[in-house]
Amino acid sequence: MNAESERGFMQKLLSAVPGLALIVVTLVALRLWVEPWMATSVVFGQKGWLVNSLHLNYILLGIIAGMLYRNVIFGGKLPAIFADGFRLSRLLIKTGIILLGSLYTVQAIVKLGAMAIFLIGGFVVLSIVMVLWLSRIFAMERSMTAVLANACGICGVSAAVATAPAVEAKAAHVAYAIATILGFGIATMFISPFIGHALGLTDLQYGAWIGTGILNSGQVLAAALAFNPKVAPGTAVSVGEIWNIMRVISIPFAVFAVTVWYWAGESKREGAAQQKTLGTLLIEKFPVFVLGFLVMVLLTSMGAFGDVGIKGGPPASETIKTLRLWMTWIFGFGLVGLGGYIDFKELAQAGGAPLKVGLIVGVTKYVLALAVVLLIKDYLVEI
Amino acid sequence: MAESNVKIGSETVASAEKGKMTLFRDDRQEDWGAILVAIVVIAIIVAMKM
């Protein structure tokens, strides 16, 4: 047991305070001073050019600030004093997603269900099949292929990590898959809001597109809030995240399918008995925070927090309004932390066949998702 | 792709304690942690609005 694992959790929490403080100070400065300054400053002779033309807001600036801390100010590595605070960023993003359940009702999710399952399921299967097919052309190892297939198909990092032990993947395979999808995801995270605004997409169309086309949950969140920072029913973040959650739920099923594919090719080896059942994978890999989100939806539907403020209905209650305001801060903190974990040196690890396959599949999915959303825009279910 | 030169990715990779993007032992624990924090946040907001 090393010193790191011997530290008690309370000790770790205490050691997270300096990093959290840096994240909080950063976001407060960006949101209360930098963003208002950008909205009124004159650049190229235009007032508010940074906001109106570059679509910069506190979410994008927060991620950029996090990236600058790690890669420029601290020279490529977060100092030990701040590291534990930044390690809480995923916890904050998951907390925000649970609270996001207050934007939906059970009826709205049921209404969305068939279309989301059809589209999300279609794109998950398409991505996995494409990676398996391309892996033959690029002669990739089976375990590398399996990890990349789920990384591109479902939910980026979580899926790659969940798949790795089931297909005997080496740490290098996971690292290559993560570097590839994070690199691609960061690019989509920054360009999607521009494309969305340029094409005049509505929040519904934009949310459906990025919820389907962007590979990583954190990046879907960032791209949605960068397009429209407002958190309310029908905004980009409410649409994008519900589609993303549908995809996250499919992690155990996709891990099972890819594991079956992997071991089918390894059946002559002794280790074939290691293949796990779908039941075992559901118990081990199901993302439990999604249950928290579903309970939140249920409580909201039962009116536990008052009126939700759905279009055409009564205005949102004070509790719901406060909840939404807090969510924007919680997401903001989480995304500054996420930026702090984007390491340019790690991204440079991506290369060779996994990078080519990951990029081909990622770009195909991203473009095809936009085309499909534009094609069915009149049929998208508003929630 | 020489494995020895590869550093583990930036998010939760179980085998690299120092490279993990979480304070928790694994993703499942982090999920429970997020549920707990969400409950605390809701409790504070509901108490404030009572």
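Is A:V24 buried, exposed or partly exposed? Select A:V24 to find out; the model on screen is a predicted one. A:V24 has a relative accessibility of 34%, so it counts as partly exposed, since that class lies between the cut-offs of 20% and 50%. The residue is found in helix α3 of chain A. Now add A:V336 to the selection. The two residues are 312 apart along the chain, and their C-alpha atoms are separated by 8.8 Å.

**Stop 1: helices α3 and α5 of chain A**

Stay with the helix that holds A:V24. Select residues 17-40 of chain A for helix α3 and residues 58-73 of chain A for helix α5. Two packed helices are described by the angle between their axes and the distance between the axes. Here the angle is about 130° and the axes are 10 Å apart. α3(A) is therefore oblique to α5(A). The crossing of α3(A) and α5(A) is right-handed.

Next, show the side chains at the contact. On the α3(A) side, select A:L22, A:T26, A:L27, A:L30, A:R31, A:V34, A:E35 and A:M38. They meet A:Y58, A:L61, A:G62, A:A65 and A:Y69 in α5(A). By class, the residues of this contact between α3(A) and α5(A) are 9 nonpolar, 2 polar and 2 charged.

**Stop 2: a salt bridge within chain A**

Select A:R87 and A:D84. Their side chains form a salt bridge, with N and O 3.0 Å apart. Are these two residues buried or exposed? A:R87 has a relative accessible area of 6% and is buried. A:D84, at 5%, is buried as well.

**Stop 3: salt bridges between chains A and B**

Select A:K94 and B:E30. The closest N and O atoms of this salt bridge are 2.9 Å apart. B:E30 lies in helix α1 of chain B (residues 27-49) and A:K94 in helix α7 of chain A (residues 89-99), so the pair joins two chains. Both A:K94 and B:E30 are buried.

Keep A:K94 and add B:D31. The side chains of A:K94 and B:D31 also meet in a salt bridge, at 2.6 Å from N to O. This pair, too, crosses between chains, running from helix α7 of chain A to helix α1 of chain B. A:K94 counts as buried because its relative accessibility is 10%, under the cut-off of 20%. B:D31 counts as buried at 3%.

Which residues are linked in a network of salt bridges? Add A:R90 to the selection: the network links A:R90, A:K94, B:E30 and B:D31. Over all chains, the count comes to 5 salt bridges.

**Stop 4: helices α14 and α15 of chain A**

Go back to chain A and select residues 236-249 for helix α14 and residues 251-265 for helix α15. At what angle do these helices pack? The angle is about 40°, and the axes are 5 Å apart. α14(A) and α15(A) are therefore oblique to each other.

To see the contact, show A:R247, A:V248 and A:I249 in α14(A). They meet A:I251, A:P252 and A:F253 in α15(A). The contact of α14(A) with α15(A) has 5 nonpolar residues, no polar residues and 1 charged residue.

Note on methods: Residues are numbered from 1 along each chain as its sequence is written. Chains are lettered from A and ligands numbered from 1 in the order in which they are written. This is a predicted model: local features need pLDDT of at least 70, side-chain atom pairs count only at pLDDT 80 or more; totals for chains, interfaces and linings use all residues. Side-chain values use heavy atoms; hydrogens and water are left out. A salt bridge is a side-chain nitrogen of Lys or Arg within 4 Å of a carboxyl oxygen of Asp or Glu. Buried means under 20% relative accessible area, exposed over 50%, partly exposed in between (1.4 Å probe, protein chains only). Helices (H or I, at least four residues) and strands (E, at least two) are DSSP runs, numbered from the N terminus. Axes are lines fitted to C-alpha atoms, for helices over the stretch in contact, and angles run from 0 to 180 degrees between N-to-C directions. Angles under 35 degrees count as roughly parallel, over 145 as roughly antiparallel, 65 to 115 as roughly perpendicular and the rest as oblique. A crossing is left-handed if the near helix is turned anticlockwise from the far one by less than a right angle, and right-handed if clockwise. Contact means heavy atoms within 4.5 Å. Ala, Val, Leu, Ile, Met, Phe, Trp, Tyr, Cys and Pro count as nonpolar, Asp, Glu, Lys and Arg as charged, and the others, Gly among them, as polar.
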